Amino acid sequence: MTTRRSFLGRTTAAGVLAGLAASPAAAEDGSEAPAGDPASRRGRARDAIVAVNSGMRSHYAALKSDLIAQLSPVLVVQNDARGGKFTLVHDGTQESLHPVGEVFELAKSVSHVPLGVFSIIAPHLSDRVPNVPGADRIDPHDLAMVAYKDTATTDWITPLRQYADTLAAARRQLDQAGIPPELVVSCARVLDGALSFIEVSTTARSFDIRSFEDFSHSVYAAIRTNMRYAAEAQIAGVQGLLRKWRARIGEEAWQDLYTVVLSQWATSALNQNSIIIRPCMNPAKVATHLIDLPAAEPLSDPVFVALDNLARIVQDNIAAELVFPSDRAAADALKGPQDLLADEILDQLGAATPGATAYSTPAGGGRSACPVDPGPGAD
């Protein structure tokens with residue numbers, strides 16, 4: 001369903017500036033600190049210094065709040081089970097759509113069956129890594145964290161059988177879903193494979209990593225088919241909507257389009273919607289105007305969160321060049337996701353290579369570079 005409404009920022013500059021009165025005020029220039037013991041004078045002096053940053057943050061927040069209402073055009077993408085909710089913010093209005101066809105959600109729904117089974121049985125897996133393909137890629141500690149229940153308990157049987165009922169209902173009605181014949185076949189293979197694994201495991205009242213991997217491997221080819229159909233549906237739906245909106249707002253406005261893609265961390269790098277949108281944006285600006293923004297959980301007001309973050313990015317882009325006119329590296333740090341102290345900290349830790357951290361293993365192997373407290377009595 002299409003919705004259009006006027007867009008108003010959720011916060012106002014007046015509301016932010018009201019907080020200034022609560023900030024600790026520094027003494028006027030030339031005044032002397034009140035009398036008192038040295039510790040009190042030091043505390044008041046430090047409060048006065050900290051107030052400088054508090055004032056900056058209040059004014060910075062006010063600028064950001066006012067800027068939110070100016071941002072246009074902006075494309076906000078919320079990744080979800082239906083392929084993504086897309087919102088176009090343009091000239092004070094918003095329009096939101098789910099452009100991806102239902103085949104996307106149906107194909108992915110069945111593809112997620114192995115994860116559904118895994119989620120039920122995982123706590124009951126042995127915390128020992130068996131001799132299976134890819135065993136060296138399983139972190140024993142990660143496995144111990146996931147497999148936290150006793151393998152002898154059988155409280156997984158009831159939820160697994162209940163999930164089997166859900167799978168069986170989908171399997172019985174698969175032919176009536178109106179999806180392509182090839183997709184019907186691949187979905188049937190996934191559902192049948194899962195139902196077989198569940199039947200064998202619940203009857204034997206036992207399973208292990210090896211038996212689960214045998215099941216998941218047996219349905220992988222079918223899942224790849226489902227992935228192909230899901231990708232085709234997503235590309236067609238997203239590209240079609242972008243063409244429609246591009247024609248509506250005009251080529252001149254589209255060249256300055258900002259895009260914020262909201263996702264969870266697990267899909268924030270090479271996000272599927274970001275990949276599709278990138279070639280549809282102005283190539284000269286896509287590097288700075290396409291922003292992938294990971295969020296820990298689904299947001300109650302994703303459009304505002306996107307615009308709030310975008311406002312900070314936009315004002316930092318300008319501030320960076322004016323605050324650091326003689327230091328391109330510092331300006332780039334203020335513009336981007338790098339912390340301004342990062343280079344200095346890396347230098348002091350002796351890890352000046354970009355991307356290195358204090359936890360990196362020293363060259364040639366050995367223990368972490370992070371120092372350990374030797375404890376009392378050490379030389």
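This briefing describes the overall make-up of a predicted protein model, its two largest pockets and one of its helices.

Because the model is predicted, local features need pLDDT of at least 70 and side-chain atom pairs count only at pLDDT 80 or more, while totals for chains, interfaces and linings use all residues. Residues are numbered from 1 along each chain as its sequence is written, and side-chain values use heavy atoms, with hydrogens and water left out.

**Overall make-up**
- The protein has 15 helices and six strands, taken as DSSP runs numbered from the N terminus (helices H or I, at least four residues; strands E, at least two).
- Of its 379 residues, 33% are buried, where buried means under 20% relative accessible area and exposed over 50%, with a 1.4 Å probe and protein chains only.
- Among contacts (heavy atoms within 4.5 Å) with a separation of 6 or more, 69% join residues 24 or more positions apart.

**Largest pocket**
- The largest pocket has a volume of about 1,400 Å³; a pocket is an open set of points on a 1 Å grid over the protein atoms alone, where a 1.4 Å probe fits, with protein on both sides within 12 Å along at least five of seven lines, and its volume is the space filled by probe spheres set on the points, which are joined across faces, edges and corners.
- Its lining (residues with an atom within 4 Å of a point) counts 46 residues, of which Lys108, His112, Leu115, Ala266 and Thr267 lie nearest the centre.
- Elements that each supply at least two lining residues include helix H3 (102-111), helix H4 (113-121) and strand E5 (258-263), and the largest share, eight residues, comes from H9.
- The lining divides into 26 nonpolar, 12 polar and eight charged residues, with Ala, Val, Leu, Ile, Met, Phe, Trp, Tyr, Cys and Pro as nonpolar, Asp, Glu, Lys and Arg as charged, and the others, Gly among them, as polar.

**Second largest pocket**
- About 880 Å³ of space lies in the second largest pocket, whose 25 lining residues include Arg312, Asp316, Leu334, Lys335 and Gly336 nearest its centre.
- H13 gives the most to this lining, with seven residues, and by class the lining has 14 nonpolar, six polar and five charged residues.

**Helix H4**
- The buried residues of H4 are Val113, Pro114, Gly116, Val117, Ile120 and Ile121.
- Seen down the axis of H4, these buried residues fall within an arc of 160° (from the directions from the helix axis to the C-beta atoms), so they line one face of the helix.
- On the other side of H4, Leu115 and Ser119 are exposed, whereas the buried residues pack against H3, helix H6 (157-173), helix H7 (181-204), H8 and H9.
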